[in-house]
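Hi everyone, thanks for coming. Please have the sequence and the 3D view open while I talk, and stop me whenever you like.

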Amino acid sequence: MIVLTPIQAISQQSTQWNLPESAKARLGKGLINAISYSPDGEQLAVASSIGVWIYDAQTSEELDLLTGQKAWVTDVVFSPDGKQLASHGGDNSFYVWDTQTWTLQHTLTHDKYWSPESVVFSPDGQYVDSDSILNGSGTSSY
């Protein structure tokens, strides 16, 4: 079990709260918008108002913080082979990260009328797709 800390509780005191006995970790740095497991279940990506937190899914150890986005991160997803991570947020852009080095590989930006709500990789990992709240669905390749 993983416990998410409400935004109102982000403070030094929040680390003192007692977790349920079965809880493994508390993820609570920034406002959490989405969580995605890597295909092998070894890593956990957390989309937040601070960036994308990468955790070891077994130990809950923080592995990295991806901060290349210019706005809150609202969604995050691993590619089917686990070699890439796509994220997006309020700046109408997709970000594609290499999961071996956690470096930014691609940035895909769309016009101001396009506002993605979710991000997904195609089954072959060659395309990033999203549902848009204004213009239907838009597919971007990289």
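I'll go through confidence, then the strands, then the cores, and finish with two serines.

Let's start with how far we can trust what we see. This is a predicted model, and the protein averages a pLDDT of 77. Of the residues, 68% score at least 70. Where is confidence highest, and where is it lowest? Strand S4 comes out on top at a mean of 94, while strand S13, residues 136-141, sits at the bottom with 47. Two stretches deserve a warning. Residues 5-16 have a pLDDT below 50, and this stretch has 13 contacts in the model beyond near neighbours in sequence. Residues 133-141 are also below 50, with 23 such contacts in the model. As a rule, predicted coordinates should not be read in detail where pLDDT is low.

Now to the strands. Find S4 again, at residues 43-48: it runs antiparallel to S3, residues 32-37, and five bridges join the two. Together S3 and S4 make a hairpin, with five residues between them. In that turn you'll find glycine 41, which has a positive phi of about 75°. If you'd like one pair to click on, tyrosine 37 has leucine 44 in S4 as its bridge partner.

Next, please turn to the open sheet of four strands. In what order do they lie? The order is S7-S8-S9-S10, with antiparallel pairing. S7 and S10, the latter at residues 103-109, are the edge strands, and each pairs on one side only. On average, neighbouring strands here are turned by 20° against each other, direction ignored. Between S7 and S8 there are five bridges, and valine 77 stands opposite alanine 86 in S8.

Now for the inside. Nonpolar side chains tend to be buried together in soluble globular proteins. The largest nonpolar core in this model has 13 residues. The ones touching the most other members are Ala45, Val52, Ile54, Leu66, Val76, Leu85 and Trp102. S4, S5, S7 and S9 are the elements giving two or more residues to this core, and S7 gives the most, with three. There is also a second, separate core of eight residues, including Ala86, Phe94, Val96 and Phe121. You've just met Ala86: it stands opposite valine 77.

Last, the two serines. Serine 79 is in the loop between S7 and S8. Is serine 79 buried or exposed? Its relative accessible area is 1%, under the 20% cut-off, so serine 79 counts as buried. A polar atom of its side chain lies 3.3 Å from the backbone nitrogen of lysine 83. Beyond neighbours within four places in sequence, serine 79 is in contact with Pro39, Gln84 and Phe121. Phe121 is a name you've heard already, as a member of the second core.

Serine 87 is in strand S8 itself. With a relative accessibility of 0%, serine 87 is buried as well. Which side chain makes a polar contact with that of serine 87? The partner is tryptophan 97, at 3.1 Å. Not counting residues up to four places away in sequence, serine 87 also touches several others, among them Val52, Val76 and Phe94. Val52 and Val76 belong to the largest core, whereas Phe94 belongs to the second one. And one distance to try in your viewer: the C-alpha atoms of serine 87 and serine 118 are separated by 9.0 Å, with the two residues 31 apart along the chain.

That's my tour, so over to you for questions!

Methods: Residues numbered from 1 in each chain as written. Predicted model: local features only at pLDDT ≥ 70, side-chain atom pairs only at ≥ 80, totals over all residues. Heavy atoms only, no water. Buried < 20%, exposed > 50% of the residue type's maximum accessible area, 1.4 Å probe, protein only. Polar contact = N/O pair within 3.5 Å; in protein donor to acceptor, adjacent residues only side chain to side chain. Contact = heavy atoms within 4.5 Å. Pairing = 2+ DSSP bridges. pLDDT = per-residue confidence, 0-100. Core = buried A, V, L, I, M, F, W, Y, C linked by side-chain atoms within 4.5 Å. Axes fitted to C-alpha atoms, helices over the stretch in contact; angles between N-to-C directions.
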